[in-house]
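Visitor: I should be grateful for a close look at one part of this protein. Please describe it step by step and explain each term as it arises.

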Amino acid sequence: MEDPRLSRMYLALVLQGFARMRRRLWHAAVMRSGMLTMIVLTLVLMILAFGWHEHRLGQFSQLKRDLKKKPVQEDLSTMRPGGQDVIQLQRSEFSSEDVPAFLSATLLPGRGMNVLQITAYVPQKGEVSLLASPSLVEASRLMSGSGADAAGGASLAMGGAIELPWAGQISGMATGDGKSLTTVWHGHHLSLPTSGEDMTATGGLLLKRASIGVSSNVMPDGGETQVSFHAGDFDKNWISQTDVSTTVELSGRAIEMTVQARNTGTEAEPIGIGWQPRFAILGNRGQETLRMPIGERVEVTDRRSGLPSGRLLPVTGTEYDFTGRNGARLGSLNLNDSFVRLKPAFMDNGPVVELCDPESGYGLRITAMTSNIKAIRVNAPAGANFISIDPRFNFDDPFGSEWAKDEDTGMVILEPGQSVQWKIRLEIFSLMQGESQQL
């Protein structure tokens, strides 16, 4: 009888032979032929392709935002400045966050459509707030409609207020109670609420007005909302009757704002429109650069009041010359000036202003899209944390006697049934890619 141990020994020898043969065949078929290299490269390429696909879907960018975004989000449903719900336009899809992009816009239809905040993604900083504004809780407290805010003045100290039926300041004869002034337009005496110690009417009459209608649409790369106001005669402070509609459209690279005023009354009326955003300075104020269109600067009687003298001054070669290709640094200059008789650069759709933050690597561009925008006021107090850039129809104090009779101070005259539109485009761009002069 055969020994079982001998059988197991023979079986082991046979298995070892098969194993040696398999290794030789693998070496010949794979190692020498280069097949292993091809397999490894294929696996690497598949991994890279999967990673790029996920990046394009925004998964990596979402993770990056989640790590950098602010941990506390305000509950919009509990705060209603002006007694109306807050509107927030927000992007829900992201294709790439390698360049600056807008993320959201917070709008207050109960406060004349003040743009309280705009957020953006900036590669070097993550999610940032672009406007110098308090929290929504604090804004709701300050926008009380009484005391210092009786004329809506709190709206001018935060976010971006829409100014209508005039922008900036109007001077006149103070009334006995010290709360209003009287000015004259074409024989009509207008009584306007005043603000501040200078006894001027500032920022128009829409500042604290509540809307009568809101409609919003979600779009592939953001959203759009339209808000309407029945201003009438602005509580007997203006001529005729006025209806106002405002539209804000948000996308990753741009925010477009449109304001339209229509005379629904029986008399002609003057209309001026402006927007006064207070852009936050995130980096070194002295290093911020400002680029302005070619134009002239309005001389003021004194820096305290900011009221015009009626003279227009050239800017070329002065400290107020920001018209170069790359603009000029703000430095320590205390700016509170209007620039008029604006001339668009070649190929621009209208007069363009650019504010660039070299430290953070991004810039903001405002383009005036309608020809009636004839003035831009820049307010950048030295040492402050904001710079206000106000594209508007009218000069300051448009009814003032300081202006020559043939000077067009920018107010548009609307006959009954006529309307006028104000429109701007706000863009965000990267300084790292040299986009400032390319878009």
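**Two hairpins and the loop that follows**

Guide: In the hairpin of β7 and β8, 5 residues lie between the strands, and among the residues of this hairpin glycine 178 takes a positive phi near 75 degrees. The model is predicted, with local features requiring pLDDT of at least 70 and side-chain atom pairs pLDDT 80 or more, while totals for chains, interfaces and linings use all residues. Residues are numbered from 1 along each chain as its sequence is written, and side-chain values use heavy atoms, without hydrogens or water.

Strands are DSSP runs of E, at least two residues long, numbered from the N terminus. Strand β7 covers residues 173-174 and strand β8 covers residues 180-185; the two run antiparallel and are joined by 2 bridges. They count as paired because DSSP finds at least two bridges between them. Within this pairing, methionine 173 stands opposite threonine 182 in β8.

Strand β8 also has a partner in β9, to which it pairs over 6 bridges, again in the antiparallel sense. Here threonine 183 of the pairing faces leucine 190 in β9. The strands β8 and β9 form a hairpin with 2 residues between them. Histidine 186, in the turn of that hairpin, has a positive phi of about 50 degrees.

Strand β9 spans residues 188-193, and threonine 194 lies in the loop between β9 and β10 (201-202). Is threonine 194 buried or exposed? Its relative accessibility is 13%, so threonine 194 counts as buried (under 20% relative accessible area, with a 1.4 Å probe and protein chains only).

Contact means heavy atoms within 4.5 Å. With neighbours within four places in sequence left aside, threonine 194 is in contact with Gly178, Lys179, Ser180 and Leu181, as well as with Ala151, Met199, Thr200 and Ala201. Gly178, among these contacts, is the glycine with the positive phi near 75 degrees in the hairpin of β7 and β8.

Two of these contacts, Ala151 and Ala201, also belong to the lining of the largest cavity. A cavity is a set of points on a 1 Å grid where a 1.4 Å probe fits but cannot get out, and lining residues have an atom within 4 Å of a point. The count comes to 3 cavities of 30 Å³ or more. The largest holds about 60 Å³ of space, its volume being that filled by probe spheres set on the points. Besides Ala151 and Ala201, the lining of the largest cavity includes Pro193 and Ser195, together with Gly152, Gly153, Leu156, Trp166, Thr202, Gly204, Leu205 and Leu207. Pro193 is the residue at which β9 (188-193) ends.

Key: On a 1 Å grid over the protein atoms alone, a cavity is a set of points where a 1.4 Å probe fits but cannot get out, and a pocket is an open set with protein on both sides within 12 Å along at least five of seven lines; lining residues have an atom within 4 Å of a point. Helices (H or I, at least four residues) and strands (E, at least two) are DSSP runs, numbered from the N terminus. Buried means under 20% relative accessible area, exposed over 50%, partly exposed in between (1.4 Å probe, protein chains only).
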